[in-house]
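Q: I'd like to learn how to read side-chain features in a model like this one. Can we go through them together, one kind at a time?

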Amino acid sequence: MDIHGFCDERFAQVREAFERNFTDYGDVGATFAATVEGEFVVDLWAGHADKARTRPWQEDTIVNVYSTTKTMSFLCAFVLADRGQLDFNAKVTDYWPEYGRNGKQKTEVRHFMSHSAGVPGFDPALAGAEGLYDWDGCVANLERQAPWWEPGTQSGYHAVTQGYLIGELVRRISGRSIGQFFREEVAEPLGADFHIGMDDAVFSRVAEMIPDDAPPAGGFADMDPDSIPARVFASAGAGTDAVNTDAWRRAEIPAAGGHGNARAVVRAQTPLANNGKAFGVEILSPAGCRFMREEQTNGPDAVLMLPIRFGLGYAFPSEVMPMSPNDDAMFWGGAGGSTIVVDEPARVCLSYVMNQMKAAIVGDRRGGGLGKTFYACMT
């Protein structure tokens, strides 16, 4: 197996674990990257960009990362909050008056960030992925809804809706779409090759997402269609048949449609682990970086059916999802396996991104194993 890129000698076991993901765990194309104290110590890529294995995965290959995209929308919100333009404790209606309908008038901005706003799916459900390409239509759907529970009382993973909720706040405050705001305020200054909505010129570098042939895992296999999880995942089509289309790549879907590789994810997120500054660019103040660690909810998630402790956007590690040995680290992941860890106490940021999906909603053992190996090398 040809592994490309570099790996500091201290993390040689990470390279070995990365290779095992191909030989033992079925990876087709993948990347892993990590920084310590704001400097890259690992940047690896290998495999192929397509299921047929005719296109080698290149240094600049990018791919859809599903919900790892959410962490880029969190960054946009943190930038606005750090500038005093967004208050996480304010009512959403202070910025978006039309949202306060049908029992949502007391919803606070922090409820959007912590999956506790009570609008985890579209209601009525969208007619396929094409509905996600209509920003105004998605926003109107969310405005008309009544909350599925009292906002702020519990988390329930807002799998796709969270991006439109945060994105509309960004648009109302900045006058720019979240894709444009992210590109101009985060990606371009940091040199992060990550896209929320992309130009056609980038398409040639995009890898094919490959679905998992295995059945859905755990309790998702036989859900009651009227249950909250079933309603959420049925409300917006986001399968690989849609993700591998030009229309999906062009659209701004800030909870599930971002494209990048592990290096790009780490370049964008590394400032959060280093008091807001990385690669010679200051994105946030030290205080702005600490937004993510303000605990919002702690308990069973109504959609993921797991106990999760959410901060503002990111989740804290737990026994169920031990993404870092540090309790104050933050993480999230995407359907199929991609992951991102932001560990401010350790000054670590790491990410795994791939194109072969596995039957997992938030990361899987490939990214988790790489993270475990990485931290073991640090001790």
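A: Let's start with a salt bridge, meaning a side-chain nitrogen of Lys or Arg within 4 Å of a carboxyl oxygen of Asp or Glu. Here the side chains of Arg 231 and Asp 123 make one, at 3.9 Å from N to O. The two partners come from distant parts of the chain, 108 residues apart: Arg 231 is in helix α7 (residues 228-234), and Asp 123 is in the loop between α3 and α4. Helices (H or I, at least four residues) and strands (E, at least two) are DSSP runs, numbered from the N terminus.

Q: Before going on, what should I know about the model and its numbering?
A: This is a predicted model, in which local features need pLDDT of at least 70 and side-chain atom pairs count only at pLDDT 80 or more, while totals for chains, interfaces and linings use all residues. Residues are numbered from 1 along each chain as its sequence is written, and side-chain values use heavy atoms, with hydrogens and water left out.

Q: Are Arg 231 and Asp 123 buried, exposed or partly exposed?
A: Buried means under 20% relative accessible area, exposed means over 50%, and partly exposed is in between (1.4 Å probe, protein chains only). Arg 231 has 32% relative accessibility, so it counts as partly exposed. Asp 123 is partly exposed too, with a relative accessible area of 39%.

Q: What else does Arg 231 do with its side chain?
A: Look for a charge over a ring, where NZ of Lys or CZ of Arg is within 6 Å of the ring centre and within 35 degrees of the ring normal. Arg 231 lies over the face of Trp 148, 3.8 Å from the ring centre. Arg 267 also has its charged end over a ring, that of Phe 279, at 4.0 Å from the centre.

Q: How many salt bridges does the structure hold?
A: There are 19. In one of them Glu 143 pairs with Arg 101, with the closest N and O atoms 4.0 Å apart. That pair also links distant parts of the chain, 42 residues apart, with Glu 143 in helix α4 (residues 135-144) and Arg 101 in the loop between α2 and α3 (109-113). Glu 143 counts as buried because its relative accessibility is 9%, whereas Arg 101, at 38%, counts as partly exposed. Both belong to a salt-bridge network with Glu 98, Glu 168, Arg 171 and Arg 172.

Q: Where is a salt bridge with buried partners?
A: Try Asp 364 and Arg 366, whose side chains meet at 2.8 Å, N to O. Asp 364 is buried, at a relative accessible area of 17%, and Arg 366 is buried at 1%.

Q: How do I read a pair of aromatic rings?
A: Such a pair is described by the distance of the centres and the angle of the planes. Rings of Phe, Tyr and Trp (its six-membered ring) pair if their centres lie within 6.5 Å; planes under 30 degrees apart are stacked, over 60 edge-to-face, and the rest tilted. The whole structure has 18 aromatic pairs. Phe 18 and Phe 22 make an edge-to-face one, 5.5 Å centre to centre with 75 degrees between the planes. They are four residues apart in helix α1 (residues 12-23), which means about one helical turn separates them. Both of these Phe residues are buried.

Q: Which aromatic pair links distant parts of the chain?
A: Phe 88 and Phe 291 are an edge-to-face pair, at 5.2 Å and 75 degrees. They sit 203 residues apart, Phe 88 in the loop between α2 and α3 and Phe 291 in the loop between α11 (286-289) and β8 (297-300). Phe 88 is buried at 5% relative accessibility, and Phe 291 is buried at 17%. Ring pairs join these two with Phe 74, Phe 78 and Tyr 314 in a cluster.

Q: What is a nonpolar core, and which residues touch the most other members here?
A: In soluble globular proteins, nonpolar side chains tend to be buried together. A core is a set of buried Ala, Val, Leu, Ile, Met, Phe, Trp, Tyr and Cys residues joined through side-chain atoms within 4.5 Å. The largest one has 123 residues, and Phe 32, Phe 78, Phe 88, Leu 132 and Phe 374 touch the most other members. Helix α2 (residues 70-82) gives the most to this core, nine residues.
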